[in-house]
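Please take a moment with the sequence and the 3D structure below, and keep both in view as you read the explanation.

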Amino acid sequence: MFEREDETVERVIQHLRLPVAIDAGLDARVMREIAQVPRPGRRMKPLWPLLAAAAVLATVLVVRPWNWNAANAADTLQFVLVAPQAASVALVGDFNDWDPARSPMQTAHGVWATVVRLAPGRYRYAFLVNGVEWRADPSAPAAKDDEFGTPSSVVTVGGRGS
Amino acid sequence: MGINSVEPSDAELVRRVRTGDTGAYGALVSRYRDRLGRYAVHMIGDREDAEEALQDSFVRAYRSLARCDDPARFGAWLYGILVNRCRTTGARAARRRRMFVHDAQALDLAAHADRADRLDWTDAVDRALARLAPDYREAFLLKHVQDLEYEEIAELTGAGVSALKMRVKRAREQLQKYLREAEHV
Amino acid sequence: MMLAALLLVTQAAVQDPRLERLDPDTRGAVAAVVDSAHGVGLPVEPIIQRALEGATKGASGTRIVAAVRRLAADLGTARTALGTSAAEAELEAAVAALRAGATPDVLANLRDVRRPPLTIALSVLADLVASGVSADSAAAAVLALAPKARDADLVEFRRAVERDIALGAPPGAATSVRLNAGAFDVPGVTNTQGNPNPPRRRSRP
């Protein structure tokens with residue numbers, strides 16, 4: 001059954017016009033941020049914008065350090081595997097399209113390592129040793145669903161969503 | 001009786017903030033929070049990003065309050081800050097216009113992917129809205145949901161009135177089309 | 001109606017070039033799953049990554065397609081439980097929790113008691129189960145901590161439990177000991193049975 005065009009769109013509009021609940025804490029957060037800012041209304045001196053920005057920045061860092069880190073949206077993690085006999089080790093996972101060429105690891109005395117920047121999220125990964133052998137990360141939680149028959153591990157980076 | 005208990009106007013509140021009464025800004029935030037928040041949520045399509053954009057806009061408005069030329073039109077001025085802020089927000093799980101492939105298995109999958117046997121209408125609306133081009137969505141929301149006049153929208157967005165009318169018209173057409181499609185999945 | 005749907009434009013606006021690592025048949029089937037998941041508003045990146053994982057691991061096309069179909073379905077279940085505003089990372093973590101044995105009700109309860117993002121809380125739940133804690137105990141522990149604990153606290157809790165298990169403690173005992181040792185007041189969740197909190201009424205968003 002087809003509604004007349006206008007009716008569909010009107011239903012949409014009525015739906016969108018419904019009140020949307022905004023987090024009640026927002027008012028307090030705004031007031032907290034502006035408390036650090038020197039009062040507006042006066043003639044601004046050239047140095048002022050810098051000071052104001054620094055004050056707001058400091059507030060954000062002090063009041064919400066976790067969110068600030070999250071707002072940067074990435075964490076730098078080091079992945080390590082001890083494999084003295086290996087000729088090559090690659091890190092593969094959800095963060096590099098499971099492509100062994102993307103994150104080859106460097107070794108010193110049998111300890112293989114590499115560093116990766118990860119945005120918040122949960123990532124499955126594994127080490128590919130000598131191009132053929134799959135190893136999970138012994139120091140990380142296991143990925144339980146290994147539907148391809150090889151072990152994987154999981155790393156989760158916190159912060160605000162994707 | 002004797003005391004006039006009408007709420008202070010925007011101009012009055014702005015005046016108080018400018019003379020040092022920071023708390024008066026709180027009244028402005030309360031006054032505009034829900035209405036502007038509704039716009040941000042529908043425009044951005046994500047509650048958290050919308051609240052962040054809203055919060056950011058309030059703070060920016062406060063910091064540049066000296067540049068608000070007409071305190072009586074604080075609301076419009078704040079709107080302008082918010083509309084701009086919503087434009088620059090990073091797309092988060094943006095659902096773009098796509099054609100999609102159906103095969104029997106995939107349709108089956110879609111049916112089971114959602115608890116109800118068919119999509120909630122409100123989900124369909126949200127998705128359809130998200131599929132609109134940003135400037136269509138913006139114009140549509142400002143006109144039909146936020147109830148602004150075309151002249152006001154022109155001021156906020158910098159677009160001409162006839163261009164805006166066309167955008168709203170297109171938005172209506174496309175919403176209609178997407179919702180039809182959603183019914184037939 | 002289904003025929004009409006099949007005759008619908010069968011080409012994604014842009015097919016992800018990474019899928020070219022798959023053989024043509026597998027690629028087509030995976031692309032179909034990606035597109036229909038996208039059509040119902042689910043994130044597609046996890047699905048693509050799962051296909052690429054299969055490709056790198058040399059899995060058969062059949063296995064890859066089965067895996068991505070299962071993932072797409074689970075993402076849908078996760079989104080039903082968490083709501084349409086759930087972020088991609090939350091949905092991925094929710095899938096892990098579901099596969100670890102958490103019920104959709106547990107996910108919905110978590111959503112009721114904790115501000116988003118729920119990524120870490122859900123991951124901790126899944127990771128606890130991976131360490132050997134029963135799904136019920138893990139769910140009960142995370143739900144008990146969820147209202148007040150910060151993400152970092154939840155991660156620390158998980159690490160502490162894993163350490164205890166590595167040192168020989170039975171998983172259930174390790175969980176409840178850690179809960180009791182923490183600064184969190186957890187009435188009713190101190191036994192090793194770990195009964196999950198009763199489900200609450202939740203209104204749809």
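The paragraphs that follow go from chain C as a whole to one of its helices and then to the nonpolar cores.

The model shown here is a predicted one. In chain C the secondary structure comes to 10 helices and zero strands, so that reading from the N terminus on gives the order α-α-α-α-α-α-α-α-α-α. Of the 205 residues in chain C, 53% are buried. If you take the contacts in this chain between residues at least 6 apart in sequence, 65% of them join residues at least 24 apart.

A good place to look next is helix H8 of chain C, which spans residues 135–145 and is mostly covered, with 10 of its 11 residues buried. Among these buried residues are C:Ala138, C:Ala139, C:Ala140 and C:Ala141, together with C:Val142 and C:Leu143. The cover over the buried residues of H8(C) includes helix H5 (88–100), helix H6 (104–113) and helix H7 (119–130) of chain C, as well as helix H9 (151–166) and helix H10 (171–181) of that chain.

C:Val142 also belongs to the largest nonpolar core, a set of 90 residues, where it is listed with C:Val30, C:Val68, C:Ala94, C:Ala97, C:Ala121 and C:Leu125 as having the most contacts inside the core. Helix H4 of chain C (residues 61–82) gives this core its largest share, namely 10 residues. What does C:Ala94 touch, leaving aside its neighbours within four places in sequence? C:Ala94 is in contact with C:Ala78, C:Ala81, C:Leu82, C:Leu107 and C:Leu122. Separate from this is a second core of 53 residues, which includes B:Ala50, B:Trp77, B:Leu142 and B:Leu164.

Key:
Residues numbered from 1 in each chain as written. Chains lettered and ligands numbered in written order. Predicted model: local features only at pLDDT ≥ 70, side-chain atom pairs only at ≥ 80, totals over all residues. Helix = DSSP H or I, 4+ residues; strand = E, 2+ residues; numbered from the N terminus. Buried ≥ 20, exposed ≤ 12 C-beta atoms within 10 Å, placed from the backbone. Contact = placed C-beta atoms within 7 Å. Core = buried A, V, L, I, M, F, W, Y, C linked by C-beta atoms within 7 Å.
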